[in-house]
Amino acid sequence: ITSEVKYGEGSRIDLLLTAPEQPQCFVEVKNVTMLKEPGCVTFPDSVSTRATKHMNELALQVRQGHRAVVFFPVSRMGASEMTPADIIDPRYGEALRQAVACGVEALAYCAEISEQEILVGQRIPIRL
């Protein structure tokens with residue numbers, strides 16, 4: 001596991017996972033904090049051309065034979081699903097959908113937060 005590795009067009013991937021005889025795995029982490037409606041969280045909470053660029057670059061990595069994952073830790077209590085924030089940034093929503101269609105894996109997990117630690121909790125579905 002290596003963090004902040006340069007790749008693509010002037011970007012840095014949050015995590016690059018490598019193992020013998022396995023494709024490289026590019027992991028982009030996007031923290032989700034915005035509540036759209038009870039039980040439903042959304043990302044991004046503002047227009048993010050950088051996040052859109054990351055989705056396009058992850059899709060390119062898949063086309064080049066690598067594995068790519070966008071990981072959404074949800075730091076909002078009571079979340080049961082996640083969606084892209086199309087009202088805030090429709091370009092990001094479209095880039096996420098295209099990346100997933102290309103083979104980028106999208107995973108959302110609730111974060112269990114206490115004063116002592118932050119743990120990965122329950123996986124929640126992403127409604128595209």
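In this predicted model, leucine 35 has valine 41 of strand 5 as its bridge partner. Strand 5 covers residues 40–43 and runs antiparallel to strand 4, to which 3 bridges join it.

These two strands belong to an open sheet of 3 strands, whose order is 4-5-7 and whose pairing is mixed. Strand 4 (34–37) and strand 7 (81–84) are the edge strands, each pairing on one side only. From one strand to the next, the twist averages 45°.

The cysteines form a second topic. A disulfide is a covalent bond between the sulfur atoms of two cysteines. How many disulfides does a search of the whole structure find? The search returns 0. Cysteine 102 is accordingly in no disulfide, and the nearest cysteine sulfur, that of cysteine 25, is 14 Å away. Cysteine 110 is likewise in no disulfide; here the nearest cysteine sulfur belongs to cysteine 40, at 12 Å. Because a disulfide requires two cysteine sulfur atoms within 2.5 Å, the distance of 14 Å excludes such a bond for cysteine 102, and the distance of 12 Å excludes one for cysteine 110.

The table sets out these two residues with their accessibility.

| Cysteine | Nearest cysteine sulfur | Distance | Relative accessible area |
|---|---|---|---|
| Cysteine 102 | cysteine 25 | 14 Å | 24% |
| Cysteine 110 | cysteine 40 | 12 Å | 14% |

Are these side chains classed as buried or partly exposed? Cysteine 102 is partly exposed, at 24% relative accessible area. Cysteine 110 counts as buried because its relative accessibility is 14%, and buried means under 20%.

Methods. Residues numbered from 1 in each chain as written. Predicted model: local features only at pLDDT ≥ 70, side-chain atom pairs only at ≥ 80, totals over all residues. Heavy atoms only, no water. Pairing = 2+ DSSP bridges. Helix = DSSP H or I, 4+ residues; strand = E, 2+ residues; numbered from the N terminus. Axes fitted to C-alpha atoms, helices over the stretch in contact; angles between N-to-C directions. Buried < 20%, exposed > 50% of the residue type's maximum accessible area, 1.4 Å probe, protein only.
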